[in-house]
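Trainee: I have a new structure open and would like to learn how to read it. Could we go through it together, one question at a time?

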Amino acid sequence: MTCASKRHTQTGHRVRFRALSETLPPPLPPLPNGTPEFELPDLSAWLGGNCGIRGVQHFESSKPGPHAVITALMHGNEPTGAYALARLLAEQTTPRHGRLSLIFLNLDAYAMFDPAKPMQSRFIDEDLNRLWQPDLIRSAHASVEMRRLREVLPVIETADLLLDLHTMPWPGHPLFLTNAARRNLALARLLAEAQAGTPAPNNRVLDQALLQTPSQGPATRGGPRTPARPPTVVQDNGHHDGMRLIDYGRFSGMRGQARACLLEAGQHWQGSAAEQALLSARLFLAQAGLCALPPATAQARRENAPQPRSAAVTDCVKALTAGFTFIRQFQSGDIVPTAGTVIAFDGADEIRTPYDDCLLVMPNLRPRRGHTAVRLARLSA
Ligand SMILES: [Zn+2]
C-alpha cells in the first residue's frame, strides 16, 4: 500500500506522481542468461557477400516485382535475425518475382558476442540504429557503425519493402514497430495478420503475452496453447537520440512509396524468438510476392484464430533515478486493465498507468538513470 498525493511532480507528467511509499519496492531481477538457446549461426559463408558489399546477399528474378530487403544484426548481440537469414540462405531462397537483399549489418559487433558479457556487443562505437539521418550520413562523422551504414546504403536506397529484425533484452510478446506513415502501419498489420492461426514458434514466450491481469503476478510458463496471438503492431515515433532505419526518409516521408517495419521477435537469446524471426521473414517474403510459404506454415492456419492487437505509443517513461523498480516483472505486451494502477517506483515517485487497458512496450526491468524504462501504448480498434 502506498500513500500518494496525486500531485504531478515537476519533472513528470500524467503518469508520474509523488508518493510516500509504505512498502519497499521489490529487488531488481537478475539479467537474463546470455547463453543462446539456439546454435549461433556461422556466417563465414556469407561474410563476403555476393554483390560486392560485405555481408550482403542479393538475388534477382527475371520477372518484375519489388526490391525486398531483410536486415539482421543491427545490434551485434541480437543473433535471431542472423539465424533467420542463415536459414533462408541455406535453403537457397531466391525470388520468383522482383529482387531480394539479405543483409547482415553489424558483423563486427556480432563477432565480439560473448555469452559471459552479452550486453557488451550491441555495438562497437555507437548504436547503428540511431544514425539514419541524411545530414549525419553526409557529414564527416566517423565510427565503425557509420562506416558500415555507408557501405550498405546503396542497397537501402533502392528498397521498396524492408523488414528489420530485432529482439528485446527482456522476455516479451513479439511486436512490429512502425513509424506514423500509414503505409508502414498497413505493412506491419499485414504481416501480423498473416501469422494469425499459425502455431506459436514456441509457447514459452507467447503464452505469457496473453496475460491480461498483471496483479496476478508473473504468468506461469505453461503447456501448449496454440495458435497464439500474432505479434502486436505498435506505432511509435522513434527516439530523440537518433533516427532508426525504419525512419530513414525513404520509409518515413509522407510522399514516399517504400515501406518498412521493425520486428522485435522476443528475448535476444530465446529459441522462440529465433523461430519468430524466421517465421516473420518467410511471411514477409510471401506477402511481398517474392517466395511461396513452406507448406507446413501455409497449411497450419486455422479459423477463429486470435487476431493481432494494434496500439500507439502515448508516453515514454524515463528512469529519473538509479532506483527505478517495477512492482513486478512485467513483460512487453502485458496489458494493465485499470487507469491509475501503480506499475513502478522511481525514487519518491510512483509511475501509474494513464488509461484503462494500457499496453506496456518493452519494459526495461533494470533501467539506468536517464534511460527509457517503458513505453505506454493505447490499444486501437
Ligand atoms: Zn535491436
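## Helices, sheet and core

Trainee: Which strands does helix H4 lie across, and at about what angle does it run to E5?

Mentor: Good place to start, and keep in mind that this is a predicted model. Helix H4 covers residues 144-156. It lies across E3, E4 and E5, and its angle to E5 is about 165°.

Trainee: Helix H5 packs on the sheet too, so to speak; which strands does it touch?

Mentor: Helix H5 spans residues 182-195, and its direction makes about 45° with that of E9. The strands it touches are E7 (175-178), E8 (232-235), E9 (259-267) and E10 (310-318).

Trainee: Which strands stand at the edges of the sheet?

Mentor: Let's follow the order of the open sheet, whose pairing is mixed: E3-E5-E4-E6-E9-E7-E8-E10-E16-E15-E12. A strand at an edge has a single partner strand, so one side of it is left without a neighbour in the sheet. The two strands in that position are E3 (56-60) and E12 (335-336).

Trainee: How many bridges join E4 to E5, and which residue in E5 is the partner of Ala72?

Mentor: Strand E4 (residues 67-72) and strand E5 (residues 99-104) run parallel, joined by six bridges. Ala72 has its bridge partner in E5, and that partner is Phe104.

Trainee: Is strand E6 largely enclosed or left open by the rest of the structure?

Mentor: In a regular strand the side chains alternate between the two faces of the sheet. On one side of E6 are Leu161, Leu163, Leu165 and Thr167, and on the other are Leu162, Asp164, His166 and Met168; these are all buried. Eight of the eight residues of E6 (residues 161-168) are buried, so this strand is largely enclosed.

Trainee: How is E6 joined to E4 and to E9, and which residue stands opposite His166?

Mentor: E6 pairs with E4 in the parallel sense over four bridges, and Ala68 has Leu161 in E6 as its bridge partner. E6 and E9 also run parallel, joined by seven bridges. In E9, the residue opposite His166 is Glu264.

Trainee: Which helix gives the largest share of the largest nonpolar core?

Mentor: That core has 93 residues, and Ala84, Phe176, Ala277 and Ala281 have the most contacts inside it. Nine of its residues come from a single helix, the largest share: H8 (residues 271-287).

Trainee: Leaving aside neighbours within four places in sequence, which residues is Ala277 in contact with?

Mentor: Ala277 is among the residues with the most contacts inside the core. Beyond its sequence neighbours within four places, its contacts are Thr80, Gly81, Tyr83, Ala84, Leu165, Leu263 and Ala265.

Methods:
Residues are numbered from 1 along each chain as its sequence is written. This is a predicted model: local features need pLDDT of at least 70, side-chain atom pairs count only at pLDDT 80 or more; totals for chains, interfaces and linings use all residues. Two strands pair if DSSP finds at least two bridges between them. Two residues are in contact if their C-beta atoms, placed from the backbone, lie within 7 Å. Axes are lines fitted to C-alpha atoms, for helices over the stretch in contact, and angles run from 0 to 180 degrees between N-to-C directions. A nonpolar core is a set of buried Ala, Val, Leu, Ile, Met, Phe, Trp, Tyr and Cys residues joined through C-beta atoms within 7 Å. A residue is buried if 20 or more other C-beta atoms lie within 10 Å of its own, exposed if 12 or fewer, and partly exposed in between; C-beta atoms are placed from the backbone.
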